[in-house]
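Subject: Handing over the structure, with notes

Dear colleague,

I am passing on to you the structure we spoke about, together with notes on what was found in it. Please keep it open while you read, and look up each residue as it is mentioned.

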Amino acid sequence: MRVAESVRHTGLKPFSASAAGAADRRALVHAEQVRTSYRTIPDSCIGSFLAGALFAVSMYRQVGSDTIVAWCLALAGSLVLLMASYIGYRRAAPLPGQERGWEQCLFVSNLLHGCAWGSAGVLMFRPELDIYQMWLTLGLFFVATSAMGAGIVALMPMMYGFVVPVILPLLLRTAQLHDFLHIVIAVASALLLGFVLYTAGRMNRLILETFHLRFENELAFKRADEANRAKTSFLAAASHDLRQPIHAIALFVAALKSSTLHAETRPIVDHLAASVEALEGLFDALLDISKLDAGVVRPQVVDFPLHPFLARVAQDHAADAEQKGLRLRVGRTRAIVRSDPMLLERIVRNLLTNAIRYTKAGGIVVGCRHAAGGVRIAVCDTGVGIDAAHVPQIFKEFFQVANPERDRAKGLGLGLAIVERLALLLGHTVQVASVPGRGSTFSVTVPRGEARGAAVAPARVEPAVEGSLGGALVVVIDDEAAVRNAMREVLGQWGCRPLLAESVEEALALLAASESRPRAVIADYRLREEKTGIDAIARIRAELGAEIPGVIITGDTAPDRLREAQASGYHLMHKPVRPVKLRALLSHLVA
């Protein structure tokens with residue numbers, strides 16, 4: 001159908017639900033009707049020109065040359081007028097509510113075009129020549145019905161303005177002959193004309209429904225997108241505002257633990273540290289999801305042997321399994337796989353953590369088997385199992401089958417959401433098989449690797465924190481007073497000389513009064529007056545003329561800001577920062 005095909009042209013783009021501003025949907029639909037009617041004019045003119053040439057050649061000997069030339073000139077004039085209207089509309093590109101004049105112009109052009117064709121029914125009427133008369137009748141009805149495949153069917157006045165002038169002169173001329181056969185032909189022609197207009201009306205209603213549905217979908221999508229953006233913005237702002245005080249608390253607790261405490265105070269501080277660590281775990285899980293959604297995680301794919309990898313992960317969880325009285329076994333394998341060892345480790349760790357958490361008795365087996373085109377790593381347990389109705393939901397954030405009370409000991413409900421995102425990033429397939437009351441098997445299928453290029457999967461290296469930082473001058477820029485005070489405490493305990501500032505201007509003023517050059521700059525990503533820590537570190541480097549190591553600490557989880565911070569080239573840490581990791585990083589930077 002030409003209407004559908006014409007939408008793919010690039011001449012006139014469809015209106016969107018937001019194109020008219022305050023215009024209602026009816027105005028949008030009407031504007032789209034006019035636009036659709038105009039878009040098929042070039043194709044219609046080409047078809048009309050070719051059909052007219054065929055008519056002129058076939059009827060030339062039966063009709064006088066003067067008549068043929070006059071008719072051809074009339075048809076050509078109507079086609080020129082149509083193309084002029086099309087070009088004018090395309091250049092003007094009227095918005096919804098501005099198309100009324102163009103609609104009238106198109107109606108007049110179509111009416112004249114239809115009259116040019118309809119005049120053939122009178123000028124070329126030859127009742128004594130049966131074959132030619134039949135050709136004339138069939139040709140004019142073909143021209144009339146072809147309008148249903150053009151854009152003018154989107155506007156019924158355009159259909160009436162073209163189809164009726166094409167058929168009516170022939171119908172009236174036929175009825176004037178008064179013999180029975182021609183009266184029958186005239187009646188049949190009238191019925192056929194009515195059927196064409198009736199069919200065009202049904203197509204017109206279908207097109208209108210399509211336009212209405214399209215705009216409804218666009219508006220619904222726009223509202224959903226706006227709601228999603230608002231939700232993302234709210235969550236990002238809430239996450240940042242929550243991370244700020246927790247970051248300061250974590251630093252104060254670290255400073256407190258390093259201090260000399262009374263025996264009765266130590267358990268309270270330990271409980272406080274455990275609570276802070278639980279909060280850090282929650283924010284780390286949310287951050288992992290934000291990183292994956294933001295696309296800042298880049299897999300480093302290598303070939304490596306699977307057994308040492310699985311044995312190390314299982315060894316790290318052996319104490320947890322033993323504490324619950326569970327057997328934890330790793331099947332031996334010589335398989336070589338191709339993946340990112342660190343990201344795959346996170347997948348297996350999350351699956352193994354869940355297996356231990358939801359298994360009360362029995363054991364857990366971590367193994368693998370060869371699958372089509374890869375190796376399937378499986379974590380099998382004898383736990384509570386999962387009902388089939390819940391399996392599609394377990395990979396959603398915060399969904400937990402048996403934790404309506406939100407018991408923190410049963411996890412946060414983010415582990416499998418991270419597993420799914422990591423598997424998607426790596427191109428791996430995750431599968432679940434579970435029987436309630438008997439256990440579950442979670443598996444991830446990984447491509448096979450080559451033994452020739454296999455490397456040992458890197459083990460996790462815990463940060464070294466022993467030793468003093470040797471009185472190194474460290475600049476801290478943060479607009480939160482609580483964070484600056486906490487940084488003063490921990491940096492002082494680590495042997496640093498902290499230089500604390502609320503802004504880069506204050507930091508530069510303090511540095512100007514100092515006799516030492518800073519060994520590192522730690523800056524919050526989001527500073528006041530819409531400035532960033534990236535800008536602050538760059539300015540300090542420029543002022544001092546030295547490539548001073550920089551550390552960006554951010555509480556933002558918005559994808560755009562994560563990507564910007566990641567692309568800065570500075571060391572990036574996320575609030576709440578674990579003091580042990582910060583100390584390890586500073587030890588490396590000032591060494």
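The sheet is a good place to begin: five strands form an open sheet in the order β2-β4-β5-β7-β6, with mixed pairing. At its edges stand β2 (327-330) and β6 (429-435), each with a single partner strand, so one side of each is left without a neighbour in the sheet. On average, neighbouring strands of this sheet are turned by 20° against each other, direction ignored. Helices (H or I, at least four residues) and strands (E, at least two) are DSSP runs, numbered from the N terminus, and two strands pair if DSSP finds at least two bridges between them.

Before going further, please note that this is a predicted model, in which local features need pLDDT of at least 70 and side-chain atom pairs count only at pLDDT 80 or more, while totals for chains, interfaces and linings use all residues. Residues are numbered from 1 along each chain as its sequence is written, and side-chain values use heavy atoms, with hydrogens and water left out.

Returning to the sheet, β2 pairs with β4 (residues 363-371) in the parallel sense over four bridges, and V330 has V366 in β4 as its bridge partner. Helix α10 (residues 306-323) lies across β2, β4 and β5 (374-381), and runs at about 175° to β2; axes here are lines fitted to C-alpha atoms, for helices over the stretch in contact (heavy atoms within 4.5 Å), and angles run from 0 to 180 degrees between N-to-C directions.

Next come the charged pairs. The structure holds 13 salt bridges, a salt bridge being a side-chain nitrogen of Lys or Arg within 4 Å of a carboxyl oxygen of Asp or Glu. One of them joins R312 and E345, whose closest N and O atoms are 3.2 Å apart. R312 lies in helix α10 and E345 in helix α11 (residues 341-357), so the pair ties together parts that are 33 residues apart in sequence. Both R312 and E345 are buried, where buried means under 20% relative accessible area, exposed over 50%, and partly exposed in between (1.4 Å probe, protein chains only).

Another salt bridge links R214 with E218, at 3.4 Å between the closest N and O atoms, and these two residues both lie in helix α8 (residues 180-257), four residues apart, about one turn of the helix. R214 is partly exposed, with a relative accessible area of 23%, and E218 is partly exposed at 27%. Together with E32 and R35, they are linked in a network of salt bridges.

What about the nonpolar residues? The largest nonpolar core (a set of buried Ala, Val, Leu, Ile, Met, Phe, Trp, Tyr and Cys residues joined through side-chain atoms within 4.5 Å) has 51 residues, and among those with the most contacts inside it are W117, M124 and V163. A second, separate core of 34 residues includes L343, V348, I356 and F395.

Finally, please look at helix α14 (residues 504-513), whose buried residues are V504, A507, L508 and L511. Seen down the axis of α14, these fall within an arc of 95° (taken from the directions from the helix axis to the C-beta atoms), so they line one face of the helix. On the other side of α14, A509, A512 and A513 are exposed.

With best wishes
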